[in-house]
Amino acid sequence: MLNLQKKDFVSLILCLLLVDMVFSSPSLASSAITGLVKKQSVYVAIYSHIYHGNKEKPFDLAATLSIRNTDLHKNIRLLSVDYFDSKGSFLRKYVDKPTALKSLATTRYVIKSSDTSGGSGAKFL
């Protein structure tokens with residue numbers, strides 16, 4: 001059985017999310033090299049639960065998609081934030097109309113730990 005202290009568990013989850021975000025979106029790194037991107041879709045895996053123990057018992061997690069505008073001078077526009085399940089089926093829309101995100105601003109979208117609809121392969125586009 002997995003025996004982690006709460007702070008170690010949170011650190012582990014944050015590290016896993018960071019590694020996944022870096023490797024699942026190579027276009028983010030390439031856009032920094034090539035210049036301004038006018039429109040881009042980004043795939044972000046969401047971990048609604050993790051497995052522990054020999055029988056792969058799920059441990060439900062709250063998941064947060066945090067979108068940050070890292071540009072010092074320009075706003076960005078979010079055209080859509082859509083949530084999909086493990087099978088690729090659309091679950092819900094979080095942005096109904098284009099939304100401006102000011103320079104250095106952040107917005108977040110939270111999946112409650114009680115919402116298991118996304119399954120182990122949940123994702124945002």
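Reader: Which residues does L125 touch, not counting residues up to four places away in sequence?
Author: In this predicted model, L125 lies in the segment after strand 10 (123-124). One partner, D82, is 43 residues from L125 in sequence, yet their C-alpha atoms are 5.4 Å apart. With residues up to four places away left out, L125 touches V42, Y43, S80, V81, D82 and F84.

Reader: Why is L125 classed as partly exposed?
Author: The class lies between buried, under 20% relative accessible area, and exposed, over 50%. L125 falls in this class because its relative accessible area is 44%.

Reader: Which strand supplies the largest share of the largest nonpolar core?
Author: This core has 14 residues, of which I46, L65, I67, V81, Y109 and F124 touch the most other members. Strand 4 (63-68) and strand 9 (106-111) each supply at least two of its residues. The largest share, three residues, comes from strand 4.

Reader: With which residues is I67 in contact, leaving aside its neighbours within four places in sequence?
Author: I67 is among the core residues that touch the most other members, as are V81 and Y109. Both V81 and Y109 are also in contact with I67 itself. The full set for I67 is L78, V81, L101, A105, T106, T107 and Y109.

Reader: What percentage of the contacts in the protein chain with a separation of 6 or more is between residues 24 or more positions apart?
Author: The protein chain has two helices and 10 strands, and the helices precede the strands from the N terminus on. Among contacts with a separation of 6 or more, the share from residues 24 or more positions apart is 62%.

Terms used
Residues are numbered from 1 along each chain as its sequence is written. This is a predicted model: local features need pLDDT of at least 70, side-chain atom pairs count only at pLDDT 80 or more; totals for chains, interfaces and linings use all residues. Side-chain values use heavy atoms; hydrogens and water are left out. Helices (H or I, at least four residues) and strands (E, at least two) are DSSP runs, numbered from the N terminus. Contact means heavy atoms within 4.5 Å. Buried means under 20% relative accessible area, exposed over 50%, partly exposed in between (1.4 Å probe, protein chains only). A nonpolar core is a set of buried Ala, Val, Leu, Ile, Met, Phe, Trp, Tyr and Cys residues joined through side-chain atoms within 4.5 Å.
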